[in-house]
Each structure stands twice: as C-alpha cells, then as structure tokens.
Amino acid sequence: MSLQVVQNDTPNGQVISPTEKVFHLEVDESKIAWLTFDYPGEKVNKFSAHVMNELNTVLDEISANKSIRCLVVKSAKKGIFIAGADVKEIMDILQDAEAAEISSMIKKVITNGVATFNKLEGLHCPSIAVIDGACMGGGLEMALACTYRVATDDAKTSLALPEVNLGIIPGWGGTQRLPRLVGLVQALPMILAGKKMNGKKAFKMKLVDSLIPREFMDDRLNDFIQKILTREGEKKVKLAREPKGFAVKVQKALFENNPIGRNIVFNKAESGVIKKTSGKYPAPLAAIDVLKSTYNGNLKAGLAKETETFVSLTTRHTDICKNLVNLFFTMEGLKKDSQVVVDNEPKKVDVAGVLGAGVMGGGIGWLFSYKDIPVRMKDITWDAVAKGYEAANDVYKQLKKIRRLNTGQVNLKMHKITGTVDYSGFKNADIIVEAIVENMDVKKAVLKELEEHVSPDTLIASNTSALSITEMQSVMKHPERFVGMHFFNPVNKMPLVEIIPGKQTSPETVKSLVEITKKLGKTAIVVGDCAGFLVNRILIPSMNEGLSMLEEGIDMDRIDRAIKHFGMPMGPFVLADEVGIDVAYKVAKILEEAYGDRMTAPKFIAEMVDKQL
C-alpha cells in the first residue's frame with residue numbers, strides 16, 4: 001500500500017458511511033466506461049479500506065461486462081486526482097493493535113491493495129488514468145496499474161511517490177511498475193527521495209503518454225481514447241515510450257540492461273542516501289534493496305518482495321514511521337492554519353522590497369523573484385547591492401545545475417530583481433523586508449527613515465534573529481503594520497519562517513505575513529516577541545554546550561558527529577561556520593543579556609570574535 005498522508009477533512013473527522021458511494025461508473029453509447037472518484041465530504045480523494053472494497057466491486061462489474069471497450073478513471077475533485085491513502089488506518093494498527101498482530105494486519109491491508117491494482121491491470125479492456133491535479137502515493141500507483149496515463153499541464157498537476165518521507169516505501173507496486181515504465185535511473189529519485197514531477201516533466205520522462213492543455217481536456221481526451229482503440233494508434237503510443245536519442249539508449253544499455261551497470265547505479269544511489277540521511281532513515285535503503293533484488297525480474301515475485309519489505313519497515317521501525325507521520329500532520333496543519341483569526345482579507349503582495357542586500361538580503365530577494373514577485377533591493381553602496389545580486393544568482397546557478405530551471409527561466413526571474421542605493425521604487429512595494437546589521441540602534445534609525453519613503457499601507461518586516469520587535473516599532477509612526485519575519489540561512493533551503501508580532505502589531509498584519517510566507521512556499525509559525533524567539537532559544541544553548549565541551553578538551557569532530565548521530569543535520573561547529581561565528585556570538589550575547597548565565601557562551605569565543613573583528 002503506497003501511503004501518502006492525507007488529513008481527514010470530513011466533519012468531526014468522521015469516517016464515510018459504507019452506504020455512501022465513492023466511485024460512480026457510467027458506460028456511454030460507444031461502450032466507454034467512465035469511472036469517477038469522488039470521496040464524499042472531502043476536499044481530496046484518498047484510499048481507505050472502504051474505498052478499496054468498493055473499487056474491487058466496481059472492477060468486478062467492469063470485468064463482467066465484456067462489451068466495455070475502454071475504462072477511463074477520473075476525479076471529480078478540482079486540482080486533485082488522488083492524494084494517496086488514508087494513513088490513519090495504518091497508524092491505528094501500529095498504535096492500537098497487539099504487537100503480535102501488527103504484522104499480519106498490515107500485510108492483509110497491503111496484499112488487498114496489491115490484488116486490487118493487479119485486477120485493474122488485468123482487465124480485458126485498456127484503462128486510462130486522467131491526471132488533473134495531485135497524484136500522490138497510492139494514487140500514482142493506481143495510475144501505474146492503468147494501461148495508459150494522460151496528464152494536464154495545469155500548475156497543480158503533480159506526480160510523486162513520497163512514502164520514504166513517512167518512513168515506508170511504496171507498497172502497491174510503485175517500486176515495480178515505475179522502473180519498468182520509465183527506467184531505473186529516472187525512477188530512483190521518485191522512489192528514494194519522493195521527487196515530484198509536474199505534467200510536462202512526467203510526459204518528457206514517459207511517465208504519462210499524453211500531455212493535454214486543461215482547457216482542451218474533453219476534446220483531446222476523446223481523441224486519445226479513439227487513438228488507443230485502434231491497433232495502429234495503440235502501437236504508436238506504446239512505441240513512444242521507448243528511449244529516444246543515442247545518449248538515452250547508451251545509458252539504458254550500460255546502466256540498466258546489464259548487472260554491472262545496475263550495481264554502479266545502486267551503489268551511487270546508496271552512497272547518496274547515506275550522505276543525505278547519515279543512514280538514519282531505513283526506508284530509502286530498504287527501497288534500494290527491493291529494487292536490487294527485483295529489477296527486470298518477475299512482477300509477481302517483485303510485488304511479494306515489496307510487500308514483505310513494507311511490512312518489515314512498519315513493524316521493525318514503528319517509532320520512526322509514527323514520528324515522521326506525526327511531523328507530516330504537524331506541517332500540513334501549519335499550512336492550513338492561518339494562526340490568527342480576523343475578518344479582513346490578507347494584503348495581496350504583487351511587489352516587494354528588501355532593505356539590505358547582503359547574503360540574507362540577496363537570499364530573500366531571490367525568494368521573491370523565484371515566486372515571480374518583482375523585488376527591489378536597497379543598500380548604501382552599489383558594491384553592496386551587487387553582493388545581493390550575486391547571492392541570488394548563486395542560488396539560480398544551483399537550480400540550473402540540477403536542471404530545476406533552464407537558462408531562459410533563470411534570466412526571466414533574475415530580471416525581476418532590481419537594485420537601488422536610494423528609496424526609489426519603494427513607494428510601489430506592498431511589503432518591505434529589512435535585513436540589515438543586527439544592531440538595535442541602527443535598525444531603529446533605518447526603520448524610522450524607511451517610513452518616509454513607503455506607502456501608508458505598505459507592510460514592513462524585520463528579518464532580525466533575536467532583537468525585540470516591540471522596541472523597534474517604538475520609533476515608528478505606524479507600528480501596527482510592523483512585524484518580525486525571521487528567515488533562516490540559507491533562505492533557499494530552510495523551510496521555516498518565524499512571524500513575530502510586537503505589542504502594537506495588528507492582527508491583520510500578522511495574518512497577511514502568514515499568508516505571504518505560505519505564498520513564498522515556506523512554513524510560518526507565529527511566536528512571541530522575546531529574545532531569540534523560538535528557534536534561537538533552543539539552538540544557542542546547544543551550541544554553547546558544544547563550545548564548552550570543546551573548551552574542556554573534547555575533540556571538535558567528535559562533538560559534531562555526536563550531534564549528527566542524535567539526528568541534527570549538522571554539528572555546532574559546522575553550523576557556526578555556516579552562519580558566521582560573529583553573527584552567532586551576537587545572538588548569544590543578546591540571549592545572555594535576556595536570560596542570564598544559562599545562555600552564556602565560553603569566554604574564548606569572545607576573544608576569537610574580537611580578534612576577527
């Protein structure tokens with residue numbers, strides 16, 4: 001069972017009644033069967049035990065009707081094909097069942113799902129999955145069991161197998177059918193990292209057979225149906241899946257069709273997973289093991305191995321699975337939570353400004369431009385502005401290197417960034433993010449000056465990591481529109497943004513900043529205006545402890561390794577290098593002044609910073 005967590009949005013979290021229809025089957029005059037998935041009372045379609053039972057019954061009905069020439073599977077939900085399986089059912093088993101029963105109960109759920117999709121794959125007529133919106137986890141595995149897949153070019157269309165992020169692997173055939181369809185090299189990033197593919201990329205990699213503009217879906221879909229119902233059309237569609245181009249054919253011959261090449265691919269994938277996760281996440285390594293032993297083999301045996309591994313992961317690593325699922329629910333809850341209730345609509349942001357064009361300012365400027373929001377960066381010299389451009393361009397270089405963007409796209413987005421050494425253009429901005437030096441007096445002076453050059457309704461935010469928002473807004477004419485908006489470095493990688501209201505910040509401003517943060521693709525948390533806010537109040541003591549251990553003679557590398565072994569992405573010394581020792585020390589001093597000795601950094605750090613300065 002391929003599990004993508006989906007929130008239960010039915011009223012009061014209720015389960016749908018067994019009498020409520022989920023699938024609606026219609027057979028038209030030309031004997032085309034149209035199967036529409038519409039989960040009642042939900043914003044999304046998802047698989048549950050009840051849904052799978054009904055799907056089994058519907059497939060039996062279709063199988064018995066030999067006059068049906070083609071089955072078309074669609075969704076009635078806007079922007080959603082199938083969001084995956086309702087993982088709550090699995091979690092209930094893990095939490096409530098007797099330990100001895102867990103393995104057999106989960107295996108039953110998985111094998112039932114596998115049998116259902118095998119039944120879909122084995123129908124007497126061809127089947128087409130019409131993907132318009134999110135197609136995740138079990139939803140993609142259902143699509144893979146269909147004979148053909150078509151997708152729209154809509155921005156919401158996205159295909160993925162994100163199970164490893166929940167501590168499990170695809171379990172309804174994802175590790176078996178996906179590599180057979182698109183090849184091992186293209187399948188690995190989707191299976192091992194949950195990489196998402198939009199409609200265009202899915203078509204390019206032969207995951208879908210046709211890419212249809214959403215506006216012309218009905219006509220183009222009918223054309224595709226008629227095409228695959230002819231022998232010549234069927235042959236053309238399936239022939240189009242074959243690798244094209246010399247380089248692709250060589251890759252398949254060298255790395256997929258011989259054992260030595262496959263071992264190279266698997267070894268590289270394994271080293272990549274270990275480097276990224278330090279071996280702490282068993283699911284991607286287990287997926288590699290499944291692929292190693294099943295690729296190019298018998299499908300039935302491969303599905304059995306996949307099921308065995310899925311059950312093993314959920315029973316042997318239950319805590320990892322539960323913790324990752326809980327984390328997912330927390331993150332999804334934050335995405336949906338406005339965190340403040342006000343009647344007014346949040347302010348729309350069409351133009352942004354950044355005050356301070358250093359590494360952080362350049363990163364924030366990059367983020368606005370990446371989301372296609374024009375942004376104006378200001379600093380006191382053109383050299384400083386150039387550094388902001390350089391910081392933004394460096395991120396785009398990385399995205400271009402990994403083929404997330406092409407040269408044309410990078411050029412268009414970079415042209416959304418403009419620079420200035422005065423306040424020209426700031427009157428047009430809907431929001432200004434201040435990212436200057438972490439000094440209260442300097443910030444007060446600059447914010448007071450800034451207010452003279454922006455519109456009355458422009459939102460103003462400070463990227464401070466520890467300073468009081470309330471104190472900053474004390475010098476402002478309109479303190480109600482001022483708020484903290486703390487990004488983390490590097491901006492392009494760190495998902496969290498702290499939103500910090502001061503005493504005079506209006507609820508409308510807070511709501512607007514939460515929504516802006518979501519629009520930027522980040523996770524917003526509203527926190528209190530105290531020294532260090534949330535993250536640094538946790539982080540600085542742990543860094544100070546690492547420094548104290550170093551002062552006591554413990555090896556620096558050993559301390560970093562211990563912290564990584566605990567589960568943090570990096571140790572305190574690597575982190576200090578990333579952030580800058582001087583910046584980390586300034587934040588530590590602010591927290592020491594606020595909280596006393598428990599936040600005091602070792603004296604040798606002050607000496608290092610003084611000498612550095």
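This is a short talk on the fold, the aromatic pairs and a few single residues of one protein chain.

Hi everyone, and thanks for having me. Please keep in mind throughout that what you see above is a predicted model.

Let me start with the whole chain. There are 25 helices and 18 strands in the protein chain. Its radius of gyration is 27 Å, close to the 25 Å that the globule rule gives for 613 residues, so the chain is as compact as a globular protein of that length. If you draw a box along the principal axes, the C-alpha atoms fill roughly 80 × 55 × 55 Å. Of the 613 residues, 49% are buried. And here is a number about the fold: among contacts with a separation of 6 or more, 72% are between residues 24 or more positions apart.

Now, the inside. In soluble globular proteins, nonpolar side chains tend to be buried together. In this chain, the largest nonpolar core has 81 residues, and F47 and L207 are the ones with the most contacts inside it. There is also a second, separate core, with 39 residues, including A357, I431, V497 and L520.

Let's stay with the aromatics for a while. How many aromatic pairs does the count come to? The count is nine. One of them brings back F47, which pairs with W172. The two ring centres are 5.6 Å apart and the planes are at 80°, which is an edge-to-face arrangement. Where do these two residues come from? F47 is in the loop between β2 (32-37) and α1 (49-64), while W172 is in the loop between β8 (158-160) and α5 (174-182), so the pair ties together parts that are 125 residues apart in sequence. Both ends are well covered by the buried cut-off of under 20%: F47 has 0% relative accessibility, and W172 has 1%.

A further pair is Y148 with F224. Their ring centres are 5.8 Å apart with the planes at 85°, so this pair is edge-to-face. Again distant parts of the chain are linked, with Y148 in strand β7 (residues 148-152) and F224 in helix α8 (residues 217-228), 76 residues apart. Are Y148 and F224 buried or exposed? Both are buried.

Back to F47 once more: ring pairs join F23, F37, F47, F117 and W172 into a cluster.

Two rings also have a lysine over them. The charged end of K46 sits over the ring of Y39, 5.6 Å from the ring centre. Similarly, K378 lies over the face of Y423, and there the distance to the ring centre is 4.8 Å.

Next, helix α1, which follows the loop that holds F47. α1 has 16 residues and spans 23 Å from its first C-alpha to its last, close to the 22 Å expected at 1.5 Å a residue. Which residues of α1 are buried? They are H50, V51, M52, E54, L55, N56, V58, L59 and I62. Notice that E54 is on that list.

Let me zoom in on one strand residue, I212. You will find I212 in strand β10 (residues 210-212). With a relative accessible area of 1%, I212 is buried. Beyond its neighbours within four places in sequence, I212 is in contact with V150, A151, T152, D153, M217, R220 and L221. Several of those names fit what we just saw: β7 covers residues 148-152 and α8 covers residues 217-228. As for G199, it is 13 residues from I212 in sequence, and the C-alpha atoms are 8.8 Å apart.

I'll finish with three spots in the backbone. The peptide bond from N489 to P490 is cis, with omega near 0°. P490 is in the loop between β16 (482-487) and β17 (496-501).

The other two spots are residues with positive phi that are not glycine. K31 has phi near 65° and belongs to the loop between β1 (23-27) and β2. K31 is partly exposed, at 36% relative accessible area. F533 has a phi of about 55° and is in the loop between β18 (523-526) and α21 (535-551). Here the surroundings read another way, as F533 is buried, at 1% relative accessibility.

That's my tour, and I'm happy to take questions.

Notes: Residues numbered from 1 in each chain as written. Predicted model: local features only at pLDDT ≥ 70, side-chain atom pairs only at ≥ 80, totals over all residues. Heavy atoms only, no water. Phe/Tyr/Trp six-rings, centres within 6.5 Å; stacked < 30°, edge-to-face > 60°. Helix = DSSP H or I, 4+ residues; strand = E, 2+ residues; numbered from the N terminus. Buried < 20%, exposed > 50% of the residue type's maximum accessible area, 1.4 Å probe, protein only. Lys NZ or Arg CZ within 6 Å of the ring centre and 35° of its normal. Core = buried A, V, L, I, M, F, W, Y, C linked by side-chain atoms within 4.5 Å. Expected span 1.5 Å × (residues − 1). Rg over C-alpha atoms; globule rule 2.2 N^0.38 Å. Contact = heavy atoms within 4.5 Å.
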